[in-house]
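Open the model in your viewer and keep the selection tool ready. This tour moves through helix pairs and then to an enclosed space.

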Amino acid sequence: DLEQGELVGMLFEKVPEYFADEEEGGLMLDSVPRLVLNQLKWIEFVQPESKVTTKLIELIEVAPLHLKREALAALAEVALDSEHQEVVEALRQVLDNDSECTAAVLDAASNLSLDPDLAQALTDRVKDLLRTSPAHDLPVVVRYLIQSTPPDCAAETVQALRKEITFVSGAKGAKKGEKGGLRDGEMLTLDAVCSGLKFRKVLAKALLMEIKMVQVSSEHRPFDVWALVLLRSIGDDKAKAEVEKVFKGKIDKGLFAVSFIRESIQQHSDALKPYFAHFLAFADSFTRSSDYTVAAFGGRLYEVLFSVFSDDFSRSEIIHNVVAHTGSGSDSEVGAALDALLGLVHSHNSALRQCTIYVKTVLDYLSHLKHKHIRKLFTVLSELSVSTQVNGAGEDDARLDDDVHIHIRKLLSNPRLKHIQHGVIGAVS
């Protein structure tokens, strides 16, 4: 132990001599600096007089990037409790001067047992990174903030998340070759928020309350929509019901417009795709509401989801859900579902034709529908039939046309007045 200081001093004097021979990604056995840094992690007892921490900090200031990251990892292992003030200051300096070391700095900080004041000082600095970090660093920044925030500072952290996580600046400045990295960054960032909140219930509650307290539509941000979906995905039945209650409250008060929901998810469909089932659950719950405003919003939300999530599986699931609503018997629910189909037949006619096998099953519920609903249904079916004649009919399209005509003839030939009325509505649609 008495010789530790001299030995460490000698090693750190020699390490810079090998910088010129360093190759990033090379084998550790071929790298003297990496071998030295790796061995430092296994020191059982660090003598304060050896000044290992100080020498590591000095090395970090001059080392190449990949060695700087290795040194940061070693720093958390060898720093004494009495040296944490010096370490935190060094980490803050690296954050200020070298953005490429953000992940390494935060990993090192996560392995330190800091007192509350030092931890808060570092957390405040990290909050600034939410605004400036590139997409690939943002997940690490978010994860650190959620994990390190003490309960009494939960409100400040969720406010920072709401304010700074937008993905807008990165998307606008992205070149064509960078778009894939931005999408991955968005997906990993949302995953970091989701997994972090799952284990920090106090922050999850604070975030839901923060969103709930917003009473002006212009103050809502796209992150609020993403957060509600994420919170639903990690909650139990009671928590899910609370999240849906907050969402419905926003709809009822006119704070969430359909256009706002569309703008919030349109450009981020890849990142939000893992949460598609929860978007669908929101639409299902809203459409079943006895409140006509909320039910109508649910129908419009189905239209937005059909537009945003354009893969065959997602669209089939959406139409399957919409069709199921038409058999509920609830006036508001049936109306919202048929309005959704009517909107889709005008905006996504070609795509909706791929789902005709689901759409035509609504005819099975015809006897339970009101005249206004039957009129909407046959308008949808007629629009689909006419479009197939204009654009060319496939086998399924031709079968739809035949099925509609056969069904109308059966209704008109039925002796019961009710069915004749239905047939007349279908014939003139």
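Start with α7 and α9: α7 passes α9 in a right-handed crossing. The model is predicted, so keep that in mind at each stop.

**Stop 1: α7 and α9**

Select residues 116-132 for helix α7 and residues 154-164 for helix α9. Their axes come within 9 Å and cross at roughly 15°. Angles under 35 degrees count as roughly parallel, and α7 and α9 are therefore roughly parallel to each other.

Now show side chains. On α7, pick Lys127, Leu130 and Arg131. They meet Glu156, Thr157, Ala160, Leu161 and Glu164 of α9. Colour this contact by class: 4 residues are charged, 3 are nonpolar and 1 is polar.

**Stop 2: α6 and α8**

Next, select helix α6, residues 102-110, and helix α8, residues 138-148. The two axes cross at roughly 20° and come within 9 Å. That angle makes α6 roughly parallel to α8. Which hand does the crossing of α6 and α8 have? It is left-handed.

Display the contact residues. From α6, take Thr102, Ala103, Leu106, Ala109 and Ser110. From α8, take Val140, Val141 and Tyr144. Colour by class again: the contact of α6 with α8 has 6 nonpolar and 2 polar residues, with no charged residues.

**Stop 3: α14 and α17**

Move on to helix α14, residues 237-252, and helix α17, residues 276-287. Here the axes lie 11 Å apart, and the packing angle is about 65°. The crossing of α14 and α17 is right-handed.

Select Val243, Glu244, Phe247, Lys248 and Ile251 on α14. Add Phe282, Ser285 and Phe286 on α17. By class, this contact of α14 with α17 holds 5 nonpolar, 1 polar and 2 charged residues.

**Stop 4: the cavity**

Keep Phe247 and Phe282 selected. Both belong to the lining of the largest cavity, and both take part in the contact between α14 and α17. Extend the selection to the rest of the lining: Val225, Ile261, Phe279 and Leu301.

How many cavities of 30 Å³ or more are there? The count comes to 1. How much space lies in the largest cavity? About 30 Å³. Finish by colouring the lining by class: 6 residues are nonpolar, with no polar and no charged ones.

Terms used:
Residues are numbered from 1 along each chain as its sequence is written. This is a predicted model: local features need pLDDT of at least 70, side-chain atom pairs count only at pLDDT 80 or more; totals for chains, interfaces and linings use all residues. Side-chain values use heavy atoms; hydrogens and water are left out. On a 1 Å grid over the protein atoms alone, a cavity is a set of points where a 1.4 Å probe fits but cannot get out, and a pocket is an open set with protein on both sides within 12 Å along at least five of seven lines; lining residues have an atom within 4 Å of a point. Grid points are joined across faces, edges and corners, and a volume is the space filled by probe spheres set on the points. Ala, Val, Leu, Ile, Met, Phe, Trp, Tyr, Cys and Pro count as nonpolar, Asp, Glu, Lys and Arg as charged, and the others, Gly among them, as polar. Axes are lines fitted to C-alpha atoms, for helices over the stretch in contact, and angles run from 0 to 180 degrees between N-to-C directions. Helices (H or I, at least four residues) and strands (E, at least two) are DSSP runs, numbered from the N terminus. Angles under 35 degrees count as roughly parallel, over 145 as roughly antiparallel, 65 to 115 as roughly perpendicular and the rest as oblique. A crossing is left-handed if the near helix is turned anticlockwise from the far one by less than a right angle, and right-handed if clockwise. Contact means heavy atoms within 4.5 Å.
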